[in-house]
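Me: I have a structure open and would like to talk through how its helices pack, and then a few single residues. Could you go through it with me?

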Amino acid sequence: MSTAPLSAAPAALRQLIDELAQLPGLGRRSATRIALSLVQDNQQALQRLIDRLAEAQKIAPCPLCGNPTAVLDSLCGLCSSSRRDRTALCVVEEVSDLWTIERSGAWHGLYFILGGRYSPLEGTGLAELPLDRLANRIEQHEVGEVLLALSPTVEGEATAGVLLDRLKGMNIRITRPARGLPSGRSMEAIDGKTMELALGARQRVG
Ligand SMILES: [Zn+2]
């Protein structure tokens with residue numbers, strides 16, 4: 001499919017394609033295909049998408065952990081649950097990592113989402129990581145265990161090193177998943193059983 005003759009398309013369609021092409025994982029070709037599908041023969045899907053996008057505007061990060069919540073300024077379902085162990089905190093890089101761990105059912109504590117990983121070459125240095133906010137959370141909520149569930153990559157290892165350094169001296173148990181997470185893979189690519197085993201046999205590192 002050629003994406004060249006866009007001057008033949010109305011401005012509204014061109015702008016829709018431009019907007020879709022900005023989304024992560026979508027190139028111009030996919031954006032064009034989706035836009036044409038929506039406007040040409042899928043009016044019902046278009047209306048559903050409009051409705052979902054309007055609903056999505058109400059989604060905001062949980063003020064405590066950063067997991068998306070549908071109610072502005074209120075805690076997410078995990079942070080407000082009375083069944084979670086509030087003294088255990090799992091540090092992850094991204095929201096999708098939290099979801100991967102939740103799917104495994106192997107963690108019953110709460111979470112802290114870093115929103116990135118230590119990678120100075122990509123512009124995420126110490127100043128860009130919420131290290132003070134993490135330390136405050138640990139102190140204020142009397143956390144006893146911090147599980148560093150970072151991606152099994154070079155950057156994940158570097159991030160673990162930064163966190164170990166920052167949390168050194170705090171009166172907490174720092175743990176990491178047992179060896180066995182497939183190296184170099186993103187957390188999302190790790191299946192539930194592997195995650196469950198790795199978290200069940202987590203090891204103290206600090
Ligand atoms: Zn939360």
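**Helix packing and single residues**

Reply: Helix H5 and helix H6 make a right-handed crossing. Please keep in mind throughout that this is a predicted model.

Me: ok, which residues make that contact?

Reply: On the H5 side the contact is made by Leu131, Asp132, Leu134, Ala135 and Ile138, and on the H6 side by Val162, Leu163, Arg166 and Leu167. Sorted by class, the contact of H5 with H6 has 7 nonpolar and 2 charged residues, with no polar ones.

Me: And at what angle do H5 and H6 pack, and how far apart are their axes?

Reply: H5, which covers residues 131-140, and H6, which covers residues 154-167, pack at an angle of about 50 degrees, and their axes are 11 Å apart. The two helices are therefore oblique to each other, since an angle between 35 and 65 degrees falls in neither the roughly parallel nor the roughly perpendicular range.

Me: What about H1 and H2, how do their axes cross?

Reply: The axes of H1 (residues 11-21) and H2 (residues 28-41) come within 8 Å and cross at roughly 130 degrees, which makes H1 oblique to H2 as well. The crossing of H1 and H2 is right-handed.

Me: Which side chains should I look at there, and what classes are they?

Reply: From H1, the residues Leu13, Leu16, Ile17, Asp18, Leu20 and Ala21 meet Arg28, Ala31, Thr32, Ile34, Ala35, Leu36 and Val39 of H2. By class, the contact of H1 with H2 has 10 nonpolar residues, 1 polar residue and 2 charged residues.

Me: Switching topic: how many disulfides does the structure hold?

Reply: The structure holds 0 disulfides.

Me: And Cys65, buried or exposed? Same question for Cys76, buried or exposed?

Reply: Cys65 has a relative accessible area of 3% and is buried, and Cys76, with a relative accessible area of 1%, is buried too. The cut-off behind that word is a relative accessible area under 20%.

Me: One last thing, what is the phi of Glu142?

Reply: Glu142 has a positive phi of about 50 degrees, although it is not a glycine. For background, most residues other than glycine have a negative phi.

Me: Where does Glu142 lie, and is it buried or exposed?

Reply: Glu142 lies in the loop between H5 and strand E5, the strand of residues 145-148. With a relative accessibility of 65%, Glu142 counts as exposed, because the cut-off for exposed is over 50%.

Notes: Residues are numbered from 1 along each chain as its sequence is written. This is a predicted model: local features need pLDDT of at least 70, side-chain atom pairs count only at pLDDT 80 or more; totals for chains, interfaces and linings use all residues. Side-chain values use heavy atoms; hydrogens and water are left out. Axes are lines fitted to C-alpha atoms, for helices over the stretch in contact, and angles run from 0 to 180 degrees between N-to-C directions. Helices (H or I, at least four residues) and strands (E, at least two) are DSSP runs, numbered from the N terminus. Angles under 35 degrees count as roughly parallel, over 145 as roughly antiparallel, 65 to 115 as roughly perpendicular and the rest as oblique. A crossing is left-handed if the near helix is turned anticlockwise from the far one by less than a right angle, and right-handed if clockwise. Contact means heavy atoms within 4.5 Å. Ala, Val, Leu, Ile, Met, Phe, Trp, Tyr, Cys and Pro count as nonpolar, Asp, Glu, Lys and Arg as charged, and the others, Gly among them, as polar. A disulfide is a pair of cysteine sulfur atoms within 2.5 Å. Buried means under 20% relative accessible area, exposed over 50%, partly exposed in between (1.4 Å probe, protein chains only).
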